[in-house]
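Reader: Got a minute for a quick look at a model? I'd like to talk about its empty spaces and its cysteines.

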Amino acid sequence: MDEIDRIERRLKLHDVRVLMSVVEAGSMHKAAERLATSQPAVSRAIADLEHTLGVRLLDRSPSGVRPTQYGHAIIKRGLAVFDELRQGVKDIEFLSDPTSGELCIGCSEYAAGGPVLAVIDRLTRRHPRMVFDVAIAPVLALYRDLAERKIELVITRLVEFADRDNMTVESLFDDDIVTVAAAQNPWTRRRRIELAELVNEPWTLPPRNTGIGAFAEGAFRARGLKPPQATVITYSMHMCHELLATGRFLTMLSSYTLMLPGKHPWLRALPVELPNARGTIAIITLKNRTLSPLAELFIKTIHTIAKPLARAR
């Protein structure tokens with residue numbers, strides 16, 4: 001029996017879970033309270049794990065405990081192990097009753113009100129006991145949540161990110177970012193508009209750390225212009241639409257939001273040429289993570305719903 005076999009035989013998932021709880025809580029005392037056990041039992045589990053692996057997993061100080069590089073390595077793999085076990089339980093529940101199940105997904109707010117909402121509506125009409133936990137956040141935050149296995153898949157406009165090698169990207173359709181105003185806005189009567197003419201208009205834009213927020217700033221700079229000082233900076237789609245409805249404000253958003261039947265008939269895309277406006281709406285999942293049956297059903301359904309959008313390009 002080699003060293004790896006010996007460690008595998010002696011390694012206990014319980015001890016790994018205790019290590020993760022200690023790091024999350026910041027102390028053994030707090031971890032013991034979370035786990036409803038005693039502090040000596042927590043200390044013993046950590047000591048057994050360190051003895052099995054032959055390395056120190058925690059650095060202890062008056063301010064609390066922090067994982068060593070070895071502790072980080074075990075915790076990283078532990079997250080994957082416990083995630084796979086949770087996925088296994090969900091798989092069993094879904095296989096036992098395919099009309100139910102729970103799926104955690106992430107998306108931008110505009111995707112949430114578009115293709116994601118369409119999929120959820122279709123699936124829950126057929127299977128009303130399905131549950132969807134939808135995290136709405138800027139794209140880089142969604143990538144982080146996916147890497148940390150807090151969500152199972154992401155639907156968003158694709159932007160570059162550091163962990164792309166660890167993720168699988170599946171294209172849904174190409175999409176353009178457009179400048180938008182309400183139908184009563186005077187700019188909608190123009191047949192051609194230069195971006196420079198809009199610098200001093202009232203704008204509502206998402207924060208710069210979002211995909212569209214960063215694009216808007218880059219579009220103006222690519223034309224040699226200083227980006228406009230947005231009157232309202234918000235990630236809220238509801239607030240953005242309320243501001244646009246006044247007829248005063250401009251914004252930028254994905255063009256597919258204007259194509260959704262009956263959703264925004266009062267919005268108009270302005271005839272403004274934006275540099276590098278085309279991008280890809282994609283499904284992003286974590287490599288080497290087995291998707292749940294409900295996630296696979298969601299992906300199959302969103303491909304069906306996205307076909308008309310892809311054909312329209």
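**Pocket, cavities, cysteines**

Author: Sure. Keep in mind that this is a predicted model. In the largest pocket, helix 5 (residues 69–96) gives the most to the lining, with 4 residues.

Reader: What volume does the largest pocket have?

Author: About 440 Å³. Its lining has 13 residues, and K76, A147, R149, N166 and L286 lie nearest the centre.

Reader: How does that lining split by class?

Author: The largest pocket has 7 charged, 4 nonpolar and 2 polar lining residues.

Reader: Now the closed spaces. How many cavities of 30 Å³ or more are there?

Author: The count is 2. The largest cavity holds about 310 Å³. It is lined by 26 residues, with S108, Y110, G211, I212 and Y235 closest to its centre.

Reader: And by class, what lines the largest cavity?

Author: 15 nonpolar, 9 polar and 2 charged residues. Several elements supply at least two residues each, among them helix 6 (109–126) and helix 8 (211–222).

Reader: Which residues line the second largest cavity?

Author: K90, D91, F94, G101, E102, S292, P293 and L294. The volume of that cavity is about 40 Å³. Helix 5 gives the most here, with 3 residues.

Reader: Switching to cysteines. How many disulfides turn up?

Author: 0 in the whole structure. For C107, the nearest cysteine sulfur is that of C104, 12 Å away. For C240, the nearest is that of C107, at 16 Å.

Reader: Is C240 buried or exposed?

Author: Buried, because its relative accessibility is 4%, under the 20% cut-off. C107 is buried too, at 0%.

Notes
Residues are numbered from 1 along each chain as its sequence is written. This is a predicted model: local features need pLDDT of at least 70, side-chain atom pairs count only at pLDDT 80 or more; totals for chains, interfaces and linings use all residues. Side-chain values use heavy atoms; hydrogens and water are left out. On a 1 Å grid over the protein atoms alone, a cavity is a set of points where a 1.4 Å probe fits but cannot get out, and a pocket is an open set with protein on both sides within 12 Å along at least five of seven lines; lining residues have an atom within 4 Å of a point. Grid points are joined across faces, edges and corners, and a volume is the space filled by probe spheres set on the points. Ala, Val, Leu, Ile, Met, Phe, Trp, Tyr, Cys and Pro count as nonpolar, Asp, Glu, Lys and Arg as charged, and the others, Gly among them, as polar. A disulfide is a pair of cysteine sulfur atoms within 2.5 Å. Buried means under 20% relative accessible area, exposed over 50%, partly exposed in between (1.4 Å probe, protein chains only).
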